[in-house]
Amino acid sequence: MNVCLESKIVQCFSIIHCNRYFKPHENIYRNNLTRYRSFAKINLFLDITGVSGSLHTLNMVMQSVSLYDELTFEPLLENRVEIVCDDAVLKNNNIMEKAYHETQRIFPQIRHGFRVKLKKNIPMGAGLAGGRGNAAATVHYLLKDHNIKPKQQALRQLLLSIGSVVSFC
C-alpha cells in the first residue's frame, strides 16, 4: 500500500515528564522546561512518481523507530533561538530555527523565543529525519507554549513549509 507523505500527519514525538504524576501542562509551568523525544524515521517504501518544479513527488511509507534525540525547551523573553549542543555544526543554520521563524510568521502572537538543549542521538546525514523530527518538536512546543490550537490544514501547511518529512513527524 502506498501512502502519500503529504496526506499523513502523525505525531512521532512524545513529551517526557520529570515526574509521572504531573500532567503535561502542569509540568511545563512547574519547571519552566518542556522535554521531548524526537524519534528517527526510516523509509519502508519509496517511489518517485514525478517532478514538480525542482522537486520530486514521492509516495512513501515511513515508520518511526526507537532511536531518538532529546530536546529540552526553556522559554526566553527575547525574540531569538538559542541552541545548546555539543556539536558546533548544529548551532548554525539549524532547521529548528527555520521552524521557529515559519511558525512565528504564520502565528504572529508568538512573541518570545526559546533555548533548547539538544542531545543528539540520531546520526546526522543518515537519512533518519532526525533534524526534521526536531523541527516538528519545535513547532509542537511553540504552539503548546503559546496555547495556539491551529486547524489541521493550517498545521499541515506550516509543517510542509518547513520540510516535506516534517509533516510525518
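**A tour starting at Asp69**

Select Asp69 and show its surroundings: leaving aside residues up to four places away in sequence, Asp69 touches Tyr36, Arg37, Ser38, Leu118, Lys119, Lys120, Asn121, Ile122, Gly130 and Asn134, a contact being heavy atoms within 4.5 Å. Asp69 belongs to strand E3, residues 55-75. Helices (H or I, at least four residues) and strands (E, at least two) are DSSP runs numbered from the N terminus. The relative accessible area of Asp69 is 0%, so this residue is buried; buried means under 20% relative accessible area, exposed over 50%, and partly exposed in between (1.4 Å probe, protein chains only). Now add Gly133: its C-alpha atom is 8.6 Å from that of Asp69, with the two positions 64 residues apart along the chain.

The model is predicted, with local features needing pLDDT of at least 70, side-chain atom pairs counting only at pLDDT 80 or more, and totals for chains, interfaces and linings using all residues. Residues are numbered from 1 along each chain as its sequence is written, and side-chain values use heavy atoms, with hydrogens and water left out.

Next, select helix H4, residues 130-145. Its 16 residues should span 22 Å at 1.5 Å a residue, and the end C-alpha atoms are indeed 22 Å apart; the expected span is 1.5 Å times one less than the number of residues. Of these 16 residues, 13 are buried, so H4 is largely enclosed by the rest of the structure. Just after H4, click on Asn147, which takes a positive phi of about 55°.

Keep H4 and add helix H3, residues 95-106. The two pack at an angle of about 35°, their axes 8 Å apart. Axes are lines fitted to C-alpha atoms, for helices over the stretch in contact, and angles run from 0 to 180 degrees between N-to-C directions. To see the contact, show Ile95, Met96, Ala99, Tyr100 and Thr103 on H3, and Gly131, Arg132, Asn134, Ala135, Thr138, Val139, Leu142 and Leu143 on H4.

Zoom out to the chain. Five helices and five strands are present, in the order β-α-β-β-β-α-α-β-α-α from the N terminus. Of the 169 residues, 39% count as buried.

Finally, colour by pLDDT, the predictor's confidence in each residue, from 0 to 100. The chain averages 79, and 79% of the residues score at least 70. Select residues 1-30: pLDDT is below 50 there, and the stretch has 67 contacts in the model beyond near neighbours in sequence. Where pLDDT is low, the predicted coordinates should not be read in detail.
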